[in-house]
Amino acid sequence: MAALLDGVLEDDLQKKVKTSKILVVGAGGVGCEVLKNLVMCAFQNIEIIDLDTIEVSNLNRQFLFHREHVGKSKAQVARESALAFNPDTNIVAHHDSITDSKFGVTYFQAFDVVLNALDNRVARNHVNRMCLTAKVPLIETGTSGYNGQVELIQKEVTPCYECTPKAAEKTFPGCTIRNTPSELIHCIVWAKHLFNQLFGEDNTDEDVSPDTADPEAAGEAGQEALDTESNNVGNVERQSTRTWAQAIDYDSEKLFNKLFHDDIKYLLSMANLWKKRTPPEPLKFGVVMTTGSPEDTNYDGMARDQKVWNLEKCTLVFAESVKALRSSLKALSVGDTLVWDKDDNDAMDFVTSCANIRATIFHIPTKNRFEIKSMAGNIIPAIATTNAIAAGVAVLHLMKVLMGNFSSCQSVYMRLRPNPQNQIIVREKFLAAPNAECAVCTVQPQILVRVNVTEMFVGEFRKRILVEKLGTKTPDVILDGKGSIVISSEEGEEDLNDDKLLQAMGIVNGCILKVDDFQGNNQITLVIVNDEKHDGTSFEVTFDSATEKKAAVENDEKAVEQMSREENEDEPTPKRPRMEEDIVPGNSKQSQIDDDDDSDLEIIESEDETISIPTSSTSGVKRKPSAEDEEPVEKKQKIKEASDDEDSADDVILLSD
């Protein structure tokens, strides 16, 4: 490799290239380019992880893959192809999900730098939080057509991935999804909700049963519920979809008939819904309606994704995917659930078959698996050139990070159209500061807890560590990344999981726990390290140095504040009249907007072009408050506005006749 020749790289950088350990997350369009660049630059120790398998549609831009690789693991094939450039490189490939519990904080701490090449927000958030906790630099890349960006994420130095609020994903009215779908996307969303109801994390807002609260519903709808016998306290007991499915052991035929026949018959009883709509046709398992071409039933190989499945094929795939997903769910630890992923074949088969069956029932044109995957996974067409540019900039950032030159790692943006300076690759003028109000990356108490997760019970953890050692009063503990509640402070739920092992609740090596002590007004982050030297009652707690420093500063500030309060007790300040919450015209602070430049840019994607706007969350630029900002919210805000009003009073000029 030329990079190892004397004079090509600086001596220090050359040594770091040889010895650094790099993690690449994602082996898609950007990930393949990044891996190739790393190997060509003579990096010796690389790990790459991706859950996806290679599809024909990947071949036009993911150049480490060829036709014979279709159906194989992206991570494994990327490794084999990259080794052809430099066989001496040590590349470890993982065909797995980065959100799996085995890839915890301890795993991330083994790397010098992490490069992200992901295509979904959930995984990006997870890697962002892991790198912040592990204090490992993260280089985040992303492309969307001709637009793209590369940014460095370093704790307490730059904004993290979640510092800037992301645009909300498109949603649809619940009654449309559950009762009156009119487009295939409605059926796809319903199918994804059904996946979560049966196999994933249950969410009451994603119920797939007919919605009797629909304002259009009338007729016989709801009569069954009214006639249902109530329990001894007057409530009608409802059985969740998950509980019912478990009771029938996920029988495919019974599930099919309930979802596509019984529920549809119930919808038909809502007379008003179908006055101006074509009513759906209930369907029973094994009964084939007229769909697709009878002679076009060869779905082998590439045709499986490219051809539209007829109803018979959809029914068969439904049954097979339910059986596979049931087995996967049973293989998990108690309390764990499956996570829908477009790259999981069983999950994607389930959503494709369910969406097309429901679409057929509601007389909506169906699509092939490839098109449904694009819609379900919000896949944006990729451009190979954009991927290559982003990957190149990412590796240049990597070299600067290895040399400790963070100040030169400004975010870089790729644009569809040139800016006023005729640039399509734009570099920010300065390194933005973290958002002081970001709940993810602001310095919070962080504590390392060494326990034996296979022997310690949740009750022992709560009593000995949270209450006695850390002094919390009413702790709520959430498993970060999954959002599952491990310990609750709600009355009657405090000891609900006390008799379960930590491991059984998903608390494993490297996981992060968020502890919120409402009564004690305290929030802390626990990083769990599994240590088999401990038994079910022993543990070791280590405070982060940054946490202790912050606590010391806060204690000093409180002491100064207390002394100041005591000194001023004899000189009470006259009470000022309450100021109105409005914006003072001509405020000198507000006028700073016009003086600041627009070097701090954020890519905002639209259908026609990419535009850039100043972002207040990552810079010192103050934005003009909106109508929502003008509402009174906190005392601190009122005090600030009072001082603004005083300043404006000095600008008043009296004119005499």
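The mean pLDDT of the protein chain in this predicted model is 78, and 74% of the residues reach a value of 70 or more. Over residues 217-237, by contrast, the pLDDT is below 50, and beyond near neighbours in sequence this stretch has 22 contacts in the model. A further stretch, residues 572-657, also stays under 50 in pLDDT, and the model gives it 78 contacts beyond four places in sequence. The contacts of these two stretches are best read with that confidence in mind.

As for the overall make-up, the protein chain has 19 helices and 16 strands, and 44% of its 657 residues count as buried. Among the contacts in the chain with a separation of 6 or more, 69% are accounted for by residues 24 or more positions apart.

One way into the fold is through its helix packing, beginning with helix α7, which covers residues 184-198, and helix α13, which covers residues 345-361. The axes of these two helices come within 8 Å and cross at roughly 130 degrees, which makes α7 oblique to α13, and the crossing is right-handed. On the α7 side the residues that meet α13 include Leu 184, Ile 188, Trp 190, Phe 195 and Leu 198, while the α13 residues that meet α7 include Phe 350, Val 351, Cys 354 and Arg 358.

Helix α13 also packs against α12, at an angle of about 140 degrees and with the axes 8 Å apart. Why does this pair count as oblique? The angle of about 140 degrees does not exceed the 145 degrees above which a pair would count as roughly antiparallel, so α12 is oblique to α13. Here α12 passes α13 in a left-handed crossing, whereas the crossing of α7 and α13 is right-handed. The α12 residues in this packing include Leu 311, Val 317, Phe 318, Ser 321 and Leu 325, and they belong to a set that meets α13 residues among which are Asp 346, Phe 350, Ser 353, Cys 354 and Ile 357. Phe 350 and Cys 354 of α13 are thus listed in the packing with α12 and also in the packing with α7.

Helix α12, residues 311-330, has a further partner in α10, and this pair packs at an angle of about 120 degrees with axes 10 Å apart. That angle makes α10 oblique to α12, and α10 passes α12 in a right-handed crossing. The contact is made by Ser 252, Leu 255, Phe 256 and Phe 260 of α10 together with Thr 315, Phe 318, Ala 319 and Val 322 of α12. Phe 318 and Val 322, which take part in this contact, are also among the α12 residues that meet α13.

Within α10, which spans residues 252-268, lies His 261. Is His 261 buried or exposed? Its relative accessibility is 17%, under the 20% limit, so His 261 counts as buried. The side chain of His 261 makes a polar contact of 3.0 Å with the side chain of Asp 262. Apart from neighbours within four places in sequence, His 261 is in contact with Phe 256, Pro 282, Leu 283 and Lys 284, and Phe 256 is one of the α10 residues that form the contact with α12.

Two loop residues offer further examples of polar contacts between side chains. Glu 162 lies in the loop between β6 (147-153) and α6 (174-178), and at 18% relative accessibility it counts as buried. The side chain of Glu 162 makes a polar contact with the side chain of Asn 128 at 3.1 Å, and, not counting residues up to four places away in sequence, Glu 162 also touches Asn 125, Arg 129, Cys 438 and Val 440. Glu 162 and Arg 124 are 38 residues apart in sequence, with 9.2 Å between their C-alpha atoms.

Asp 498, in turn, lies in the loop between β11 (484-487) and β12 (512-517). A polar contact of 2.7 Å joins its side chain to that of Arg 462, and with sequence neighbours within four places left aside, the contacts of Asp 498 also take in Phe 457, Val 458 and Gly 459.

Finally, Met 40 is placed in helix α2, which runs over residues 29-40, and it is partly exposed, with a relative accessible area of 41%. Met 40 and Asn 86 are separated by 46 residues in sequence, while their C-alpha atoms are 7.2 Å apart in space.

Notes. Residues numbered from 1 in each chain as written. Predicted model: local features only at pLDDT ≥ 70, side-chain atom pairs only at ≥ 80, totals over all residues. Heavy atoms only, no water. pLDDT = per-residue confidence, 0-100. Contact = heavy atoms within 4.5 Å. Helix = DSSP H or I, 4+ residues; strand = E, 2+ residues; numbered from the N terminus. Buried < 20%, exposed > 50% of the residue type's maximum accessible area, 1.4 Å probe, protein only. Polar contact = N/O pair within 3.5 Å; in protein donor to acceptor, adjacent residues only side chain to side chain. Axes fitted to C-alpha atoms, helices over the stretch in contact; angles between N-to-C directions. Parallel < 35°, antiparallel > 145°, perpendicular 65-115°, else oblique. Left-handed = near helix turned anticlockwise from the far one by under 90°.
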